[in-house]
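Subject: Structure handover and findings

Dear colleague,

I am handing over the structure below, together with an account of what was found in it. Please read the notes with the structure open beside you.

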Amino acid sequence: PIYDADGQLPFLLKVLSVDKALSIQAHPTKKHAQLLHASDPEHYLDSNHKPEMALALTPFEGLCGFRPIDEVQLFMKSVPELRNVVGVEAALAFIQTG
């Protein structure tokens with residue numbers, strides 16, 4: 001399953017077709033997301049921080065804010081929900097590239 005123990009999706013899945021530069025996005029920390037949700041649940045619908053990861057299907061140039069490959073590989077090893085979303089075979093292949 002890709003949901004956490006509380007039945008929440010621990011990440012936000014986005015499928016983007018990047019033909020031009022994307023707008024800058026800012027995401028709260030987990031603690032800040034919990035505070036925002038508690039104080040204004042109408043506008044902050046859940047308490048998750050929604051970390052993002054880009055997986056390119058075609059050549060792609062990321063300019064800033066991306067985690068080092070070894071850290072992403074560690075997440076692939078330690079976060080089963082991430083492996084399930086990426087696909088176990090693809091995740092294992094990515095882990096073995098290090």
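On the surface of this model, which is a predicted one, the residues L16, V18, L22, F60 and F66 form a nonpolar patch, and together they offer about 500 Å² of accessible area. One member of that patch, F60, sits in the loop that runs between helix 1 (30-39) and helix 2 (69-78). F60 counts as partly exposed, because its relative accessibility is 43%, and a residue is called partly exposed when its value lies between the 20% that bounds buried and the 50% that bounds exposed.

To place these residues in the whole, it may help to know that the secondary structure of the protein chain comes to 4 helices and 0 strands, so that, read along the sequence, the chain follows the pattern α-α-α-α. The C-alpha trace spans about 45 × 35 × 20 Å along its principal axes, and of the 98 residues in the chain, 13% count as buried.

The loop between helix 1 and helix 2 also holds E52, which is partly exposed with a relative accessible area of 45%. E52 and L36 are 16 residues apart along the chain, and their C-alpha atoms are separated by 19 Å.

L36 turns up again in the second largest pocket, whose volume is about 180 Å³. Its lining consists of L12, H27, P28, A33, L36, H43, Y44, L45, D46, N48, H49 and K50. Sorted by class, the residues that line this pocket are 6 nonpolar, 4 polar and 2 charged.

What about charged pairs: how many salt bridges does the count come to? The count comes to 1 salt bridge, and the partners are R67 and E71, with their closest N and O atoms 2.5 Å apart. This distance meets the rule because a side-chain nitrogen of Arg has to lie within 4 Å of a carboxyl oxygen of Glu. As general background, side chains of opposite charge can pair when their charged atoms come close. Both partners are partly exposed, R67 with a relative accessible area of 49% and E71 with one of 28%.

Two further residues in the helices may be useful as reference points. F75 has its place in helix 2 and is partly exposed, with a relative accessible area of 27%; F75 and P59 are 16 residues apart in sequence, while their C-alpha atoms are 23 Å apart in space. V85 belongs to helix 3, which covers residues 80-86, and V85 is likewise partly exposed, at a relative accessible area of 35%. Between V85 and K30, which are 55 residues apart along the chain, the separation from C-alpha to C-alpha is 21 Å.

When you go through the model yourself, you could start from the nonpolar patch of L16, V18, L22, F60 and F66, then turn to the salt bridge between R67 and E71, and finish with the second largest pocket, where H27, H43 and H49 are among the lining residues.

With kind regards

Methods: Residues numbered from 1 in each chain as written. Predicted model: local features only at pLDDT ≥ 70, side-chain atom pairs only at ≥ 80, totals over all residues. Heavy atoms only, no water. 1 Å grid on protein atoms, 1.4 Å probe; cavity = no way out; pocket = protein on both sides within 12 Å on 5 of 7 lines; lining within 4 Å. Points joined across faces, edges and corners; volume = space filled by probe spheres on them. Nonpolar A, V, L, I, M, F, W, Y, C, P; charged D, E, K, R; others polar. Buried < 20%, exposed > 50% of the residue type's maximum accessible area, 1.4 Å probe, protein only. Patch = residues over 30% accessible without salt bridge, like charges linked within 9 Å, V, L, I, M, F, W, Y side chains within 5 Å. Areas by Shrake-Rupley, 256 points an atom, 1.4 Å probe, with all protein chains shown as cover. Helix = DSSP H or I, 4+ residues; strand = E, 2+ residues; numbered from the N terminus.
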